[in-house]
Structures are given as C-alpha cells and as structure tokens.
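User: I would like a close look at a single helix and the parts around it, with each term explained as it comes up.

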Amino acid sequence: MIATEPKKELQRKISELRALPAAPAILQPLLQMLRQPPDKIELKKVVQLVQMEKTITAQCLRVANSPLFGRVRPAESITAAVMTLGIQRMEDILLTSCFHQILQPNKWVTPPTDFWRHSLGCALVCKEFAERIDYSDPDRGYLAGLLHDLGIIVNSVTYEREYAAVFAEARNSGLPLDEVERAKLGFTHSESGGMLAKAWQMPELVVEAIEFHHDVGSSPRENPLVEMVHIVDLLCRMRGIGYGYEEWRAVELAADPAWERLAKFCPRLGTMDLIRFTFDMDTYVERVKATVDAVYRRGDA
Amino acid sequence: MSLQQTQNILSGNADDSRDPVYLRIRDLVYQTCGIYHTEEKLYLLAGACKRRMTEGKIAGAKAYFDTLTRLSTRDAELRQLLNEITIGETCLFRSSGQLDALKNVLLPKLTEERSKLGLRRLRIWSAGCSTGEEPYTLAMFFAEEKERKYPDWNFEILATDLNDRSLETARNGVYGTYALRNTAEAYKKKYFVPAEEGKLRVRDDLKSKIQFSRLNLNDEARVLFMRNLDVILCCNVLIYFDQASKRRVVQHFYSGLLLGGYFFLGHAESLYQVNDQFRLIHLPGTTVYWKAIEGQEAGKQ
C-alpha cells in the first residue's frame with residue numbers, strides 16, 4: 001500500500017508537512033520557556049504567549065474555570081486563569097493545545113483524549129522517574145515524555161487512510177502499535193516523530209528519545225533519555241494510559257535491554273522500588289485524566 | 001482550594017488527611033507490612049487511623065503515630081490498624097485486573113507451556129482464603145474459561161485458611177448483596193441458589209470444584225505439601241507477618257510453584273526486599289510475580 005521505499009517517501013511527505021501551518025507560532029518560544037527553571041519563567045510572558053492564539057486563550061479560561069480548580073468566581077482574564085492554573089499546568093495545556101492544532105479534529109485516527117492522556121502521562125511519569133533514579137535533568141524527561149509519540153500525529157496527517165487501518169488492526173489484535181506499523185507501513189511512529197522533531201529543531205537529546213524509543217538498541221550514542229522514555233512508555237501502557245486499548249501481554253521491565261543500559265547511567269535504578277513507583281503512578285494517571293478531560297470536554301475534541 | 005475544603009475549614013471540620021503525619025504512617029505501614037497507599041488513597045488510611053484513634057481514645061494523628069512506633073504498643077496497634085485497612089475489602093470478583101490478566105495473558109501462556117509437557121491440569125491455590133470470596137470467584141472464572149476455551153482442561157482449586165470460623169463460612173458459601181456487589185446477574189443465576197434473608201448460596205457443583213482445608217502458613221511441615229502449583233494467590237495475608245516469616249512463606253510459595261508459575265498478591269501489596277527470586281511482571285492494570293523459566297522471556301517486548 002506504500003511505495004517500495006517507505007522511509008524515503010515518508011521523508012518527502014514530512015518535508016512537505018513543514019510547509020503546512022503545522023508548528024503553531026507560539027510553539028518554539030513555549031518550548032524554550034519550558035527549558036528554564038520554574039522560578040525564571042515570567043508570568044507576563046506566558047500571558048502574552050497565550051493571548052497570541054485565540055483558541056488557546058479560550059481553552060485556558062475554560063480549564064481554569066472547570067470544577068477541577070473549584071474557583072468561586074470565574075476567571076475572566078487570562079492573567080487570572082494563568083494564576084489559577086500555575087505555570088506547570090499552564091505548559092501542559094498550552095503544549096497540548098498546540099499539538100492539537102496540527103491535526104484537524106476529523107483527522108484523528110484515535111480519540112485525541114487517549115493520545116493526550118498517554119503523552120501527558122508519560123511526561124509526568126518520566127519527570128518523576130528521572131527524579132527517583134537521579135537522572136540529571138528531569139525537566140528534559142518531561143519534555144521527551146510529552147513529545148515521544150509525536151509520530152502518531154505525523155502518521156495521521158501523512159498516511160491518513162492507511163494509518164486508520166493500522167490503528168484499527170492494533171486495537172483489534174491488542175498488539176503493540178509499533179509492531180503493526182512496522183509490518184504495515186515499513187516504519188514506526190518513533191521514526192516519523194523523530195523526523196518531524198528534527199525538522200522543528202527540537203533539542204537533540206529529545207529528538208533521539210522520540211526517534212529510538214521503540215528501538216533503543218539503535219540509539220547512536222549514550223543518551224539515557226532514550227531508555228527512560230522507552231521504560232516509562234511501557235509502564236504507562238500497562239497502567240491504563242496507553243494508546244487507548246489494552247495490549248494483552250506480560251512485560252518484565254527489569255529484563256528489558258533498556259533497563260540494563262539505563263542502570264549503567266543511573267545506578268539508583270538497580271535498587272529502585274519499582275512496585276511502589278507503579279502504585280504511585282495511579283495518582284498521576286488520575287491527575288492526567290482530569291487535566292485532559294478538562295481541556296477536551298466531551299464534544300470539543 | 002475546593003469549596004468543600006473551604007466549608008470544612010469554616011465549620012471546624014477540617015479534613016486533616018493531608019497532615020504529613022499520615023505520610024509517615026503510610027511509609028511505616030509499607031515498610032513493616034508491605035501494603036501501600038498512594039496519595040489518592042491516603043484518605044482511606046487516614047480514615048482507618050481515625051477509627052482506631054476514636055476506639056483507643058487517642059487524640060491526634062501525631063499521638064497515634066507514637067502509638068504505632070512505641071515498643072510496648074506498636075505490634076498490637078499495627079495489627080488493629082491492618083484490620084481496619086482491610087475491613088470490608090472482601091467481595092466476590094474484587095480484583096478484575098487480576099482476572100482479566102489471567103484470562104488474556106497468563107492462562108494462554110500456562111496452558112501452552114503445560115501442554116508441551118503433556119499436562120492438561122492447572123493447580124491454583126488461594127492461600128488465606130478467609131470467608132471464601134476469592135476461591136468461589138476463581139471457581140466461577142475457571143468454569144467459564146473451561147466452557148469458553150479449555151474444555152479438556154482440569155482446573156484444581158485449593159483454598160486454605162488458618163481460621164476455623166472463616167473456613168466454615170467459606171464452606172457454607174452463603175453471601176449477601178454487599179459481598180455480591182461485583183457479581184454479574186448471569187453468574188448469580190448460574191452458580192447460586194436463593195438462601196435465607198435474600199442471600200444467595202453457592203451451588204453444590206461449584207463448591208465441589210474447591211478443596212477447602214485448614215492451614216497455618218507458618219507450619220512449615222504442612223506448607224511443604226503444597227506443591228506442583230501453577231498459580232498462587234495470597235491477598236492481604238502476608239501483611240500480618242513479620243519480615244522473617246514473610247520471607248520464609250514466600251520462599252515456600254516459590255518452591256511450591258512449578259517453573260513458569262505465577263504468584264499474585266493483593267492489589268496494593270509488594271514483595272520489595274522480601275524475595276528476589278520472583279520476577280516482577282507488569283500486565284495491563286495489574287502486576288504479578290513470576291517463577292521464571294530460564295532462557296525464557298516473560299513476554300515479547
């Protein structure tokens with residue numbers, strides 16, 4: 001169903017994609033902001049950014065006024081909304097809204113709420129995981145977790161019809177998405193996501209995490225972010241925030257090659273209480289579901 | 001702050017489950033008993049503590065923490081607290097995550113492996129079956145699986161408990177609406193007959209699928225007879241054991257399982273620092289411990 005050289009074809013399609021109004025104007029400044037320590041982030045700048053995109057402004061107000069935050073009087077200005085939400089939550093919502101704009105509502109091959117639950121979930125869990133194993137830059141972990149499945153959006157745009165069939169097959173068989181992609185498309189969402197992330201000039205370590213999270217062995221250099229995203233991705237998929245369907249299989253994380261590689265960089269992994277961490281994840285899962293559901297109230301997605 | 005929290009504070013009825021002392025109690029309970037409360041479930045632990053404080057006329061969470069740590073009171077109080085924590089937890093079909101994982105992942109694997117050895121039988125042990133909810137759930141589950149997919153397989157269910165009164169209730173097999181709240185109507189019709197006071201009694205043919213017997217898990221001579229098992233379930237039992245007996249019992253479970261067998265704990269329990277032979281496996285929505293077959297992976301990754 002796809003040309004003989006799937007990756008070349010994909011590359012061409014992605015270069016065309018760059019010309020599309022794909023990357024929202026506020027994406028780059030937003031990502032840069034995210035790379036700063038929280039106390040360096042200026043409220044005024046955030047508000048300015050938010051006001052640049054009308055739909056994002058509306059979304060922020062809606063989330064700030066959702067029952068989740070229990071304001072007594074509704075926030076009417078974006079400044080009040082930002083203060084209610086707090087910077088970190090704000091970034092979640094902004095990034096989510098940005099990526100949501102890339103794909104028109106009718107192009108999603110999977111419910112966007114499933115996609116964002118998984119992405120935001122991986123982001124939060126990755127940051128927490130990074131902290132527990134003493135990885136040097138937990139915020140980078142957050143970013144990599146958030147963006148690691150960017151390729152699902154790329155595939156939905158570039159191979160609309162085929163990709164709907166791929167997703168349907170994965171869902172029906174309960175097989176991992178990347179396995180079905182490899183068989184049907186000849187490449188996975190990690191590869192296509194990596195290509196777009198590169199084109200958007202995202203940080204190199206993050207690009208690698210996106211590109212190799214389903215193929216850690218091919219990662220070109222020592223970058224524990226790749227292994228970490230791989231492990232956290234699996235954990236999320238086993239704990240109720242996967243691709244929106246259950247993959248019926250057994251996963252032994254400690255026997256995964258990524259585990260051993262990661263343990264070399266982060267020795268604390270070896271003594272980590274993985275089961276306790278797994279239990280703790282349920283707390284994030286609930287938080288993530290509440291956030292995503294507030295951003296995409298039923299009927300809006 | 002939510003409206004509810006504000007109202008609580010105004011009315012002097014402050015919700016103190018966020019009191020950091022409960023986090024210390026949580027960690028204490030986890031370290032000594034191996035049962036964990038996530039942030040989301042901390043209010044349950046706080047509730048159990050408060051019931052104990054009222055009972056023991058102890059004023060305040062801090063004083064209660066002292067009771068739990070003081071040499072003269074800690075063992076007895078911890079036991080009482082565990083009773084409060086696990087109270088009302090039992091009902092039939094309580095752990096749907098475990099049953100789904102058995103049905104979709106473990107049973108297909110186990111039957112495939114055992115048939116290679118020419119076996120057509122699986123032995124399942126409910127260790128610490130209390131008043132019988134777990135073994136009857138298993139009996140129904142395996143009866144359904146036999147009908148659905150494994151007609152020529154024999155599923156043996158062993159159920160043991162230390163407490164004679166619990167065992168008597170279990171053998172009786174009469175349950176009220178609370179215990180049956182998760183049981184599907186179709187199952188109630190198929191596997192139960194009406195009993196006194198609107199309760200339901202397990203049909204004799206289902207009862208005959210279970211061998212009930214009295215067993216003290218600390219009685220090594222007798223536990224040694226529990227062998228050739230494929231699946232062991234031991235939920236909310238080991239939490240009452242001290243570390244040394246816990247290690248010993250889990251070691252017996254390990255020896256009693258055939259290679260490739262599985263060991264389920266309660267949904268918030270952990271074997272961290274209790275046993276390092278069992279391998280932790282993640283399945284959708286649950287975890288299980290595995291007695292590995294050398295050279296075999298738990299699941300394709």
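Where is the kink in α6(B) centred?

Analyst: The kink in α6(B) is centred on Leu102(B) and amounts to about 50°, where the bend at a residue is the angle between axes fitted to the seven residues ending there and the seven starting there. Before going further, please keep in mind that this is a predicted model, in which local features need pLDDT of at least 70 and side-chain atom pairs count only at pLDDT 80 or more, while totals for chains, interfaces and linings use all residues. Residues are numbered from 1 along each chain as its sequence is written, and chains are lettered from A and ligands numbered from 1 in the order in which they are written.

Helix α6 of chain B runs over residues 96-116; helices (H or I, at least four residues) and strands (E, at least two) are DSSP runs, numbered from the N terminus. At 1.5 Å a residue, its 21 residues should span 30 Å (1.5 Å times one less than the number of residues), and the end C-alpha atoms of α6(B) are 29 Å apart, which agrees with that expectation. The helix is followed by Gly118(B), whose phi is positive, near 80°.

Next comes the question of what surrounds the helix. In α6(B), the buried residues are Gln98(B), Ala101(B), Leu102(B), Val105(B), Leu106(B), Leu107(B) and Leu110(B), so Leu102(B), on which the kink is centred, is itself among them. A residue is called buried if 20 or more other C-beta atoms, placed from the backbone, lie within 10 Å of its own, exposed if 12 or fewer do, and partly exposed in between. These buried residues pack against one helix stretch, α7 (133-148), and against the strands β1 (121-127), β7 (229-234), β8 (257-265), β9 (279-283) and β10 (286-290) of chain B.

Some of these strands are also joined to one another. β7(B) pairs with β1(B) in the parallel sense over three bridges, and with β8(B), again in the parallel sense, over five bridges; two strands pair if DSSP finds at least two bridges between them. Leu233(B) in β7(B) takes part in both pairings, since Ser126(B) stands opposite Leu233(B) and the bridge partner of Leu233(B) in β8(B) is Phe264(B). β7(B) is mostly covered, as six of its six residues are buried.

Arg114(B) also has its place in helix α6 of chain B, but it is partly exposed, because 17 other C-beta atoms lie within 10 Å. Not counting residues up to four places away in sequence, Arg114(B) touches Leu119(B) and Leu122(B), a contact being two residues whose C-beta atoms, placed from the backbone, lie within 7 Å. Ile87(B), by comparison, is 27 residues from Arg114(B) in sequence and 38 Å from it in space, C-alpha to C-alpha.

Finally, a word on the chain that holds this helix. Chain B has twelve helices and ten strands, and along its principal axes its C-alpha trace spans about 65 × 50 × 40 Å. Of its 301 residues, 38% are buried, and among the contacts in chain B with a separation of 6 or more, 72% join residues 24 or more positions apart. Chain B also includes an open sheet of three strands in the order β3-β5-β4, with antiparallel pairing, whose edge strands, β3 (174-175) and β4 (192-194), each pair on one side only.
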